[in-house]
Amino acid sequence: MSRQSGNKIRSKGTEKSSREAAAAKRNRGLSRLQKKDFIFLGILALVAIAFLLWFLLGYRKSGNRVEITVDDEFYGTYDLNEEQEIPIEIGGTVTNILLIRDGEADMTEADCPDQICVRHVSISHVGENIVCLPNRVVVSVTGEEEPQLDSVAQ
Ligand SMILES: [Zn+2]
């Protein structure tokens, strides 16, 4: 590095000094640009973080509890992130079995004749529900932070 620049000084002394001046100018321009870049990157980072937070909060709000009502009466709420099997008892007998697994709730068993609730796909998002009409069982996903309008009205 030092030897190369020494050679340049000997052979093209004047050109080097003008080049140096140009380089210095460029450097000044670069540092100014870098400052701007830092501000720009800072804003970009803030936007990215804000977006990430919005996404994460939005994702969390996508439903993390399951609420069960039987005959329009509150039966219980369950954590959607906790794997569990919930036997739903009506009058001392288990009529429906709800399985919570992988953040989804699925009706696995029911003694109803139509079996519509059992055939229903598993639910995981706020507002989704599984209804067992014959047993009057309603399973719905609710957000922890934002209560649903329905439950506020009740
Ligand atoms: Zn059913």
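Here's a quick tour of this protein chain, from its overall layout down to a few individual residues.

The model is predicted, and its mean pLDDT is 81, with 68% of residues at 70 or more. You'll find four helices and seven strands in the chain. Four of the strands form an open antiparallel sheet, and β3, β4 and β5 are linked by antiparallel pairings of their own, β3 with β4 and β4 with β5.

**How far to trust it**

- Confidence bottoms out in helix α1 (residues 2-11), where the mean is 47, and peaks in helix α3 (residues 116-119), at 98.
- The stretch from residue 1 to residue 9 has pLDDT below 50, and beyond near neighbours in sequence it makes two contacts in the model.
- Where pLDDT is low, the predicted coordinates shouldn't be read in detail.

**The overall layout**

- Starting at the N terminus, the elements go α-α-β-β-β-β-β-α-β-β-α.
- The chain has 154 residues, and 14% of them are buried.
- Of the contacts with a separation of 6 or more, 32% are between residues 24 or more positions apart.

**The four-stranded sheet**

- Reading across the sheet, the strand order is β2-β1-β7-β6.
- β2 (73-79) and β6 sit at the edges, so to speak: each of them pairs on one side only.
- From one strand to the next, the twist averages 15 degrees.
- β1 and β2 are joined by six antiparallel bridges, and Arg65 faces Asp79 in β2.
- Those two strands make a hairpin with two residues between them, and Asp71 in the turn has a positive phi of about 55 degrees.
- On its other pairing, β1 meets β7, again antiparallel and over six bridges; here Val66 has Val141 as its bridge partner.
- β7 also pairs with β6, through four antiparallel bridges, with Asn129 opposite Ser140.

**The β3-β4-β5 run**

- β3 (residues 84-90) and β4 (residues 93-101) pair antiparallel over seven bridges, and Glu89 stands opposite Val94.
- Two residues lie between these strands in their hairpin, where Gly91 takes a positive phi near 60 degrees.
- β4 then pairs with β5 (residues 104-110) through six antiparallel bridges, and Ile100 is across from Ala105.
- The hairpin of β4 and β5 also has two residues between its strands, and Asp102 there has a positive phi near 55 degrees.

**What's inside**

- Strand β1 (residues 65-70) has two faces: Val66, Ile68 and Val70 point one way and are buried, while Arg65, Glu67 and Thr69 point the other way and aren't.
- In soluble globular proteins, nonpolar side chains tend to be buried together.
- The largest nonpolar core here has 18 residues, and Val66, Ile68, Leu98, Ala105, Met107 and Val139 touch the most other members.
- Two or more residues of this core come from each of β1, β3, β4, β5, β6 and β7.
- Take Ile68: leaving aside neighbours within four places in sequence, Ile68 is in contact with Tyr75, Gly76, Ile88, Leu98, Val137 and Val139.

**Two residues to look up**

- Pro134 lies in the loop between β6 (129-132) and β7 (137-142).
- Pro134 has 16 other C-beta atoms within 10 Å, so Pro134 counts as partly exposed; being buried would take 20 or more, and being exposed 12 or fewer.
- Not counting residues up to four places away in sequence, Pro134 touches Cys112, Pro113 and Asp114.
- Pro134 and Cys117 are 17 residues apart in sequence, with their C-alpha atoms 9.8 Å apart in space.
- Ile116 belongs to helix α3, and because 15 other C-beta atoms lie within 10 Å, Ile116 is partly exposed as well.
- Between Ile116 and Val131 there's a sequence separation of 15 residues and a C-alpha to C-alpha distance of 8.1 Å.

Key
Residues are numbered from 1 along each chain as its sequence is written. This is a predicted model: local features need pLDDT of at least 70, side-chain atom pairs count only at pLDDT 80 or more; totals for chains, interfaces and linings use all residues. pLDDT is the predictor's confidence in each residue, from 0 to 100. Two residues are in contact if their C-beta atoms, placed from the backbone, lie within 7 Å. Two strands pair if DSSP finds at least two bridges between them. Axes are lines fitted to C-alpha atoms, for helices over the stretch in contact, and angles run from 0 to 180 degrees between N-to-C directions. A nonpolar core is a set of buried Ala, Val, Leu, Ile, Met, Phe, Trp, Tyr and Cys residues joined through C-beta atoms within 7 Å.
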